[in-house]
Each structure stands twice: as C-alpha cells, then as structure tokens.
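Trainee: I am new to this structure and would like to understand the words used to describe it. Could we take them one at a time?

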Amino acid sequence: MKILAKEGQIMCPGEALASFEDTKDLEEAYESIEGAYIRGKELCASFVSKASIKDESIRLIGLKGIYMPFEGDYVIGRVIDVNSPYWYFVELNCPYEAGLHIREASNQYLDTERYGMIHYFNYGDVIFSKIQKVSDTLRIDLTMKENGLKKLEGGVLTSFNPSKFARVLGKNDSMINMIQEKTGTKIVVGMNGLAWISGKADNIKKAKEAIELIDSKGHIEGLTKDIEDMLKKGEKK
Amino acid sequence: MTAKKSAEKKSEEKQSYKITGRFDKRKPDELRPIEMSIGVLPNCQGSARVKVGETVVIAGVYGPKKTRPKHEEEKDKLLLRCYYDLVSFSVPDRARPGPSRRSTELGLVIKNALQRSIFVEKYPRSMVEIFMEVIQADAGSRCASIIASSLALADAGIEMKDLMPAVACGKIDDLICVDLTKAEEDVHDGGGATDIPIAYLPSHDEITLLQLDGKISKEDLMQALKMGVDACKKIHKQMKETIINKYEKR
C-alpha cells in the first residue's frame, strides 16, 4: 500500500487516498474506510473530508455530510404523524422517515381505542430514541424501551452537521459536559445532527452558539480552547 | 456581371471577413477569468457561485430528502432534479420569468451530466433538487451552471465520483478555441460560429455532456474536444482549490 494523501489534507471528491498492488488489500481497506470508493487500483475519497493517517491506517473525517441511519444509533426526532393505527411517524433529519410502533413506545399496554394515539406522543413532539432496525430499503424502526430514551420537553432544538457529532461530544463526552457546566444547561445530542438544549433563555443561546462554533470550526485543532474562551467571554458579560 | 465575377467577389468578401483573432484578445485555448465560491447560501444544504467572464450563476442544493410526489420515488437510487432559470435581468432583452422550453431542456441535459458524477445508489428512495439561477448571461451559462452545481453538491456533502468541470469549445470562422463569449457565438460572417459545450469527469476520463450548435468537420471537432478537455482540467484544478481554501482559511 502506498499512501498518497497527507495527514490533515483536505480531500475533494475523486482525490486518491492510497494505491494498492494487491486487490485483496484494496477491498479490505475499502470496507474499513467510510466515504471512500475504488477506482482502478486506487482508493479515492467520495466526499469533502479531512484525511487522518495514523500507523498506515487511513480515516476520512467528513467536513459536511448527510446522516444515514444505522442500527443502534441514538437519534432525536420530531413526531410528524399520529394518525396511523399503532404507528407514530418520526422525522430524523435524514431523507427517510422512521416508524415507532406503539408497543415500542412504552412498556405499558395502551388501549388506543379508548385513549387514542396521542396518549404518548402528539404531533410536533420531540423524542430521544434509538434505531432498532434498518431494513435493506432503509425503512427505520425506532424504540423507546431503554433507560434515558424519552420525550424531550421544554427545550430548544438546534441542528449541526451530522459529521461533527464526535466533535460535539468530545473525548469521553468532555466537550458536551464542559458546555453544560459552563452554561448551566442540559443538552441531549442525537447522532443525526440534532441537539436539544434546555435551561434559561440566555444560557440556551450561549450553548447554541457553542454548538454552532463546533459545527463551523470542528475540523480545526485547538477547538476546545476556542470554546472555553467563547464561554468565558459570555461569563464576563 | 458574369457568374464567375460574382463568385470571385463573394470569395473576396469572405476573405475580408476572415477572423484572425479573438474579440477580447484571448489566446484560442485561454479561458475567461473564473471566480468560484462555495457555501454562499445559508438556507440550503450546499451552494456555490461561479463567475465565468461576465456570466454569473448561483446554484443551491436541497436534499437528499423524501421524494415528492411519492410515485416518482426510485426504489434503488437517488432521484435528481435540476432547475435551470434565467433571471429576468440576466440578458439584454428581458427574459420572461418562469419555465420555458429552453430551461426545461437545459435542466434535463445538466441532470443527465451530473448524474454520472454522483453515487446515486447510495441514497435510495430519496431526492436531490438543484436550483440554478443565471444572474448574468454572456454565453456558457449551462457550463457555468454545471460547475456551480457540482461544487454545490460537494458542499452539501453528497458522495461523488469527482467534481465536474464544463466548458464550451468551438470554432469562430476557422479559428478553433475554447470558452466562447456571446459576441463570438453570434458571428455569422465567414464560416460562422460553432458552439460545443462539454462537461468532463477528469478522474474517469469521461465526457458527460456534448452538444453541438453549428457546422464543424470531424478533424476540427476532435481538435476542439481536445482543447475543451484540457480547459476542463484547468477548471477542475480551480474547483478543488476553491473547496480547499474554504476549509483551510477558517
């Protein structure tokens, strides 16, 4: 394998990452790198990203991307349909709608004919849930049967680029914990590029600004210091 | 006047109209100055502004999103829709707002060209809409639209094989050149003008759009295409620089 990209290089679609002599190695590398495709004997980037090369292993960090659902992802969604019997339909900031069956909405039995579907969730409600299953045709099933999964009430929903999810959380959730501590807010982050912030109006504004800063400067080193400085400035005011 | 003398006179007239150089003193293989920027519209997923000489195009990308109407949904691939539009004040004679036969045709050819550069199978059952607004037109608006759309798609984070440059090559009288202006396209003297817009996928060495308006011999066409492909490679380099500059400057 010959690595053609440099560490930290901004990759455009079609730019070669590495060339391989052995087809088996090429296919193995293709399966391990998200956002790459095979062209001849080369592995190329398929979207605007930053190359990260450590010990002969290549990774592409997306600078902008679209959320594609995977099983086990924790996501924030908005209920958009409560009229179907036994099903809630949820918008997930991705091209596909998700379905939440009433049996997955709660552990308790609900007589829908007596109480109606809106007993649990109504149109426009924001929920924090987990993707239970994604079919081959990208039909998404959600579940709420896990600790911490709930309806989110009283906060503000903000969006960021799904490719910056890891940066918003930080190492061992350090970044999001720091923002929560310094702004006095409670934040729930979904892997689909949505974050829910609750707290006082001024604090929500500060937390939202911090997430926007991560969204715009997420690919630059020293981001934690920038966020700290930004939040300190807010404290002085 | 005899027929022979008349023919001689016509031949002399044709000789006197012979075009020896370009109107704006460019070399035959020289492009007009090109300016590109991405992320110019905050309300859509991806956007780009491209200025080629006096031609200005803004493109915005929405999606991938749920396909509407649902019966147009493709089970195994992405549905791409392209809308090309001339703003009323973009041309000397006011352009009538709304869709026209020309804009529908251009939307279709641009869609067919761009589809080759996108991994459509990665986004089944979804739809991407590209809106291209020509703010100022001075020939080459479809090529500028393709460049802007390709940059906007990359800015939206959609997975692509490569960025797609486009340029018009052609012939003014006997002079084979690239990136014709409106004045050059409108030449009727001598051999007249031939306009050949092309879009090119550099990494796959593939021409994805090829139209021809005028008359040209096979040899001249091959030469014009060669010049067009070389010009596309230059534009492709600039497109890459535009993306890199956006993220490195921050």
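Mentor: Let us begin in chain B, where D85(B) has E133(B) of β5(B) as its bridge partner. This is a predicted model, in which local features need pLDDT of at least 70 and side-chain atom pairs count only at pLDDT 80 or more, while totals for chains, interfaces and linings use all residues. Residues are numbered from 1 along each chain as its sequence is written, and chains are lettered from A and ligands numbered from 1 in the order in which they are written.

Trainee: How do you know that β4(B) and β5 of chain B pair, and which way do they run?

Mentor: Two strands pair if DSSP finds at least two bridges between them, and eight bridges join β4(B) to β5 (residues 126–136) of chain B, so the definition is met, and the two strands run parallel. Strands here are DSSP runs of E with at least two residues, and helices are runs of H or I with at least four, numbered from the N terminus.

Trainee: What makes β1 and β4 of chain B edge strands?

Mentor: In chain B, five strands form an open sheet of mixed pairing in the order β1-β2-β3-β5-β4, and β1 (34–38) and β4 (79–86) each pair on one side only.

Trainee: Why are α2(B) and α3(B) called oblique to each other?

Mentor: Angles under 35 degrees count as roughly parallel, over 145 as roughly antiparallel, 65 to 115 as roughly perpendicular and the rest as oblique. Helix α2 (residues 101–115) and helix α3 (residues 141–156) of chain B pack at about 45°, with their axes 11 Å apart, and the pair is therefore oblique. Those axes are lines fitted to C-alpha atoms over the stretch in contact, and the angles run from 0 to 180 degrees between N-to-C directions.

Trainee: Which residues of the two helices make the contact?

Mentor: Residues are in contact if their C-beta atoms, placed from the backbone, lie within 7 Å; α2(B) contributes L106(B), I110(B), A113(B) and L114(B), and α3(B) contributes R142(B), S145(B), I146(B), S149(B) and S150(B).

Trainee: Why is I38(A) called partly exposed?

Mentor: A residue is buried if 20 or more other C-beta atoms lie within 10 Å of its own, exposed if 12 or fewer, and partly exposed in between. I38(A) has 14 within that distance, so partly exposed is the right term. I38(A) is found in strand β4 (residues 36–39) of chain A, and it touches L26(A), Y30(A) and L43(A), not counting residues up to four places away in sequence.
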